[in-house]
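Dear colleague,

I am passing the structure below on to you, and after it you will find a summary of what came out of the analysis. Please read the two side by side.

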Amino acid sequence: NQTLQNSVFEQLYLAGPIGHGTTVKAGRFSAFSPLGLVYDDKVTGGQVKYSSPTFGVTLEAGKATSTDDDKGTNVTIGDQTYQYRSQSYQAALFDVPMSKATTLQAGFYRIGGNVAQSQHPGQHVNYYTLGLSSKIAENLRLDAGYAKSSADKTYDGADVASKANSAYLLKLTYR
């Protein structure tokens with residue numbers, strides 16, 4: 001019932017195995033970057049995932065279908081007016097178990113221009129992530145993450161909350 005949401009469902013997808021540790025998913029599904037540092041939202045598209053005991057690879061592509069996707073919104077950048085649209089989204093994620101308790105995660109994301117954040121629709125921003133999750137005691141977990149983007153820090157839009165192009169996350173969880 002959100003006023004800016006154009007869909008009547010949050011998720012609707014088909015998923016299943018295709019053999020040898022590989023699964024596919026198609027439709028609208030939740031995408032979550034390592035530790036949620038870069039991306040934690042819906043994607044309408046497809047996913048292919050391969051998992052083995054020694055590593056995992058996930059490839060995703062589609063349109064980022066955020067709940068703020070209002071097709072009636074117009075944004076003016078310079079002298080040009082654009083109609084807001086869902087952004088293109090591509091991701092490659094890698095999971096490497098280091099031990100039973102520790103996993104190393106890396107990711108690459110290419111997300112299309114978001115005119116609500118003063119990027120032209122044809123622009124893309126690349127994001128690189130690195131994360132580590134480790135159970136360090138029976139009831140204690142440590143998560144650490146780093147992300148960097150190709151954003152050039154030159155966006156002057158009033159709606160841009162931060163002009164930084166890197167982020168860090170450190171989380172200690174008890175129970």
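**Charged pairs**

Arg141 counts as partly exposed, because its relative accessibility is 33%. Please keep in mind throughout that this is a predicted model. Arg141 forms a salt bridge with Asp143, in which the closest N and O atoms are 3.6 Å apart, and the structure holds two salt bridges. Asp143 has a relative accessibility of 5% and therefore counts as buried.

Asp143 also forms a salt bridge with Lys171, where the closest N and O atoms are 3.9 Å apart. Since Asp143 lies in strand S10 (residues 140-149) and Lys171 in strand S11, this pair ties together parts that are 28 residues apart in sequence. Lys171, with a relative accessible area of 40%, is partly exposed. Through shared partners, the salt bridges join Arg141, Asp143 and Lys171 into one network. As general background, side chains of opposite charge can pair when their charged atoms come close.

**Nonpolar core**

Turning to the interior, the largest nonpolar core is made up of ten residues, namely Phe29, Ala31, Tyr39, Val43, Ala64, Tyr89, Ala91, Leu93, Tyr109 and Ile111. At least two residues of this core are supplied by each of strand S2 (22-32), strand S7 (87-97) and strand S8 (102-112), and S7 gives the most to it, with three residues. In soluble globular proteins, nonpolar side chains tend to be buried together.

Leu93, one of the core residues, may be worth displaying with its surroundings: once its neighbours within four places in sequence are left aside, Leu93 is in contact with Pro34, Gly56, Val57, Thr58, Glu60, Ala106, Gly107 and Tyr109. Of these partners, Tyr109 is itself listed in the core.

**Nonpolar surface**

There is also a nonpolar patch on the surface, of about 820 Å², which is made by Tyr50, Phe55, Val96, Met98, Leu104, Leu130, Leu132, Tyr146 and Tyr168. Within this patch, Tyr168 has a relative accessibility of 63% and so counts as exposed. Tyr168 lies in strand S11 (residues 166-174), the strand that also holds Lys171 of the salt-bridge network.

With best regards

Key:
Residues are numbered from 1 along each chain as its sequence is written. This is a predicted model: local features need pLDDT of at least 70, side-chain atom pairs count only at pLDDT 80 or more; totals for chains, interfaces and linings use all residues. Side-chain values use heavy atoms; hydrogens and water are left out. Patches are made of residues with over 30% relative accessible area and no salt bridge: like charges are joined within 9 Å, nonpolar side chains (Val, Leu, Ile, Met, Phe, Trp, Tyr) within 5 Å. Accessible areas come from the Shrake-Rupley method with a 1.4 Å probe; for residues, only the protein chains shown count as cover. A salt bridge is a side-chain nitrogen of Lys or Arg within 4 Å of a carboxyl oxygen of Asp or Glu. Helices (H or I, at least four residues) and strands (E, at least two) are DSSP runs, numbered from the N terminus. Buried means under 20% relative accessible area, exposed over 50%, partly exposed in between (1.4 Å probe, protein chains only). A nonpolar core is a set of buried Ala, Val, Leu, Ile, Met, Phe, Trp, Tyr and Cys residues joined through side-chain atoms within 4.5 Å. Contact means heavy atoms within 4.5 Å.
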